[in-house]
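Here are some short exercises for you to work through at your own pace. Have a go at each task before you read its solution.

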Amino acid sequence: MIPRRDPAKRAVVVPQRAELTSWVIMRVTGALLIVLVGGHLAINLMTGHGVHSVDFAFVSGKWASPFWQVWDLLLLLAGLGHGANGMRTVINDYVRGDRARLTWKLVMGVVVAILVALGSLVIFTHDPCPHGAPADLLPSFCG
Amino acid sequence: MKDAETRGGDPTTPAKTTTLSKLGLGGTLYRGSWGQWSWLLHRITGAAVFIFLLLHILDVATIRISPGAFNAVMGIYRHPVMGLGEAVLVAAVVLHALNGVRIIIVDAWSQGAKYHKHLLVGVVVVFLILMAGFLPVHLGNTFGWR
């Protein structure tokens, strides 16, 4: 089993102000995510035929509107921010050794940064009417 | 569990020997009461949803390859087994969200800590109501009942 140790002797020394900022971030992004994820699930899983309606034409239709582009960008940023900060707490709790903790956090940070870049590019460089694609797969406005 | 229940309120009372501690699992058990289980559930659902989010960003990114590639990936989500997985995922998201609201209330409301068990009952009740609304629609779509 996990040996016990004195919490006061932990190697991680976190400035109080940083943890206060983290606490505020979790509550702000958490409240925001209730609206963002709630809307995402309601539209994508509860309308039409739910998950059976989600395809290239459906997503292209959503991203034709700046409203859903911004919605999904906020979802991406708030979701990854809230999740990464939560996983930082989990890593602090369970990963033993300063170097291992730092390594896990660096790996997670790199993965999250790549996904922020990838997700933002996908939302804002999306081509709803790619040349040469079968017309029946495209949204109706491609003509 | 009765021990854990009575111990929950007083942090100065030393932990008693429980069945779990005899099995060598005592070290992983905090005071074993409502607060601990909701904390554990919050952590498990949070980690699970985070890992799904990482994968979900990648699967949506296939939309930049071609319409056919994206539709093929979305087809995976329509498989009945994935449909059940999505039901579990939504349950995890809803539980995490509602328990998060409970945590905010406990932090912000002066009586929050006193009524945290009542708030947890509220979390379970609202969870059951929301899932009762979601599951028939989603399982209907997944299994073609609608």
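**Exercise 1. Find how many residues each chain gives to the contact between chain A and chain B, and how much area they bury.**

Step 1. Count residues in contact, meaning heavy atoms within 4.5 Å. Chain A gives 46 residues and chain B gives 39 residues.

Step 2. Turn to buried area, which is the accessible area (1.4 Å probe) that two parts lose on being put together, summed over both. For chain A and chain B this is about 3,400 Å², with 71% of it on carbon and sulfur atoms.

A word on the source: this is a predicted model, where local features need pLDDT of at least 70 and side-chain atom pairs count only at pLDDT 80 or more, while totals for chains, interfaces and linings use all residues. Residues are numbered from 1 along each chain as its sequence is written, chains are lettered from A in the order in which they are written, and side-chain values use heavy atoms, with hydrogens and water left out.

**Exercise 2. Find the salt bridges between chain A and chain B, and place their residues.**

Step 1. Look for a side-chain nitrogen of Lys or Arg within 4 Å of a carboxyl oxygen of Asp or Glu. Between chain A and chain B there are two such salt bridges.

Step 2. D107(B) and R27(A) form a salt bridge, at 2.7 Å from N to O. D107(B) belongs to helix 5 of chain B and R27(A) to helix 1 of chain A, so this pair joins two chains. (Helices are DSSP runs of H or I, at least four residues, numbered from the N terminus.)

Step 3. R43(B) pairs with D93(A), their closest N and O atoms also lying 2.7 Å apart. Here D93(A) sits in helix 3 of chain A and R43(B) in helix 3 of chain B, so this pair too joins two chains.

Step 4. Check accessibility, where buried means under 20% relative accessible area, exposed over 50%, and partly exposed in between (1.4 Å probe, protein chains only). R43(B) is buried at 14%, whereas D93(A) is partly exposed at 37%.

**Exercise 3. Which residues of helix 4 of chain B are buried, and what do they pack against?**

Step 1. In this helix (residues 67–77), the buried residues are P67(B), F70(B), N71(B), M74(B) and Y77(B).

Step 2. Look down the axis of helix 4 of chain B: its buried residues fall within an arc of 95°, so they line one face of the helix. The arc is taken from the directions from the helix axis to the C-beta atoms.

Step 3. Those buried residues pack against helix 2 of chain A, together with helix 3 (34–61) and helix 5 (80–108) of chain B.
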